[in-house]
Amino acid sequence: MEKQGILVYLECAEGHIIKVSLEAMNAAAKLAAKTGKKVGAVLVNNEAAAAEAAAFGADFVVASEAGEYNPGLTIYCTLMMVTFVLIVIGKVIYALFHND
């Protein structure tokens, strides 16, 4: 069985999802309604905004604090952030293929 979904990276500021990310989430929700796909949201360094993402149409949310994997990520560094995002993408793939 083929699994597909729509993934939206949500950027946060001051504890809330920023407007342009909410616009992307809205577009993903509309596309999902037309195609029957699930919408996943990825939040980095803001687990508190997960409920907000669900309220705007995310079927599942993968949220983690960067420091959970490497305390150095709390200070932005491109290489470390890319590594962290790859870990989050792994969580998203797991969420798409496992219903537990």
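Q: How much accessible surface does the protein chain have, and what share of this surface belongs to carbon and sulfur atoms?
A: In this predicted model, the accessible surface of the protein chain comes to about 6200 Å², and carbon and sulfur atoms account for 61% of that area.

Q: What share of the residues in the protein chain is buried, and what makes a residue count as buried?
A: A residue is called buried if its relative accessible area is under 20%, and 29% of the 100 residues in the protein chain are buried.

Q: Why is serine 21 called buried?
A: Serine 21, which has its place in helix 1, has a relative accessibility of 6%; buried means under 20%, and serine 21 therefore counts as buried. Leaving aside residues up to four places away in sequence, serine 21 touches Tyr9, Leu10 and Glu11.

Q: Why is glutamate 23 called partly exposed?
A: Glutamate 23 also lies in helix 1, and its relative accessible area is 45%. Buried would require a value under 20% and exposed a value over 50%, so glutamate 23, with 45%, is partly exposed. The C-alpha atom of glutamate 23 is separated by 9.5 Å from that of phenylalanine 56, although these two residues are 33 residues apart along the chain.

Q: What makes valine 82 partly exposed, and of which patch is valine 82 a member?
A: Valine 82, in helix 3, has a relative accessibility of 46%, and because partly exposed covers the values between 20% and 50%, valine 82 falls into that class. Together with Leu7, Leu86, Ile89 and Ile93, Val82 forms a nonpolar patch on the surface, with about 430 Å² of accessible area in total. Helix 3 (residues 78-97) supplies the largest share of this patch, namely four residues.

Q: How do you know that strand 1 and strand 4 are paired, and in which sense do they run?
A: Two strands pair if at least two bridges are found between them, and six bridges join strand 1 to strand 4 (residues 38-44), so the condition is met. The two strands run parallel, and tyrosine 9 stands opposite valine 42 in strand 4.

Q: How many bridges support the pairing of strand 4 with strand 5?
A: Strand 4 and strand 5 pair over five bridges, in the parallel sense, where at least two bridges would be enough for a pair. Here valine 44 stands opposite serine 64 in strand 5.

Q: Why are strand 1 and strand 5 called edge strands?
A: The open sheet has three strands in the order 1-4-5, with parallel pairing. Strand 1 (5-10) and strand 5 (60-64) each pair on one side only, and they are the edge strands for that reason. On average, neighbouring strands of this sheet are turned by 20° against each other, with direction ignored.

Q: What makes the side chains of strand 5 an alternating series?
A: Phe60, Val62 and Ser64 point to one face and are buried, whereas Val61 and Ala63 point to the other face and are not buried.

Q: Where does helix 1 lie, and at what angle does it run to strand 1?
A: Helix 1 (residues 19-35) lies across strand 1 and strand 4, and runs at about 175° to strand 1.

Q: Which pattern of helices and strands does the protein chain follow along its sequence?
A: The protein chain has three helices and five strands, and read along the sequence these follow the pattern β-β-β-α-β-α-β-α.

Conventions. Residues numbered from 1 in each chain as written. Predicted model: local features only at pLDDT ≥ 70, side-chain atom pairs only at ≥ 80, totals over all residues. Heavy atoms only, no water. Axes fitted to C-alpha atoms, helices over the stretch in contact; angles between N-to-C directions. Contact = heavy atoms within 4.5 Å. Patch = residues over 30% accessible without salt bridge, like charges linked within 9 Å, V, L, I, M, F, W, Y side chains within 5 Å. Areas by Shrake-Rupley, 256 points an atom, 1.4 Å probe, with all protein chains shown as cover. Salt bridge = Lys/Arg side-chain N within 4 Å of Asp/Glu carboxyl O. Buried < 20%, exposed > 50% of the residue type's maximum accessible area, 1.4 Å probe, protein only.
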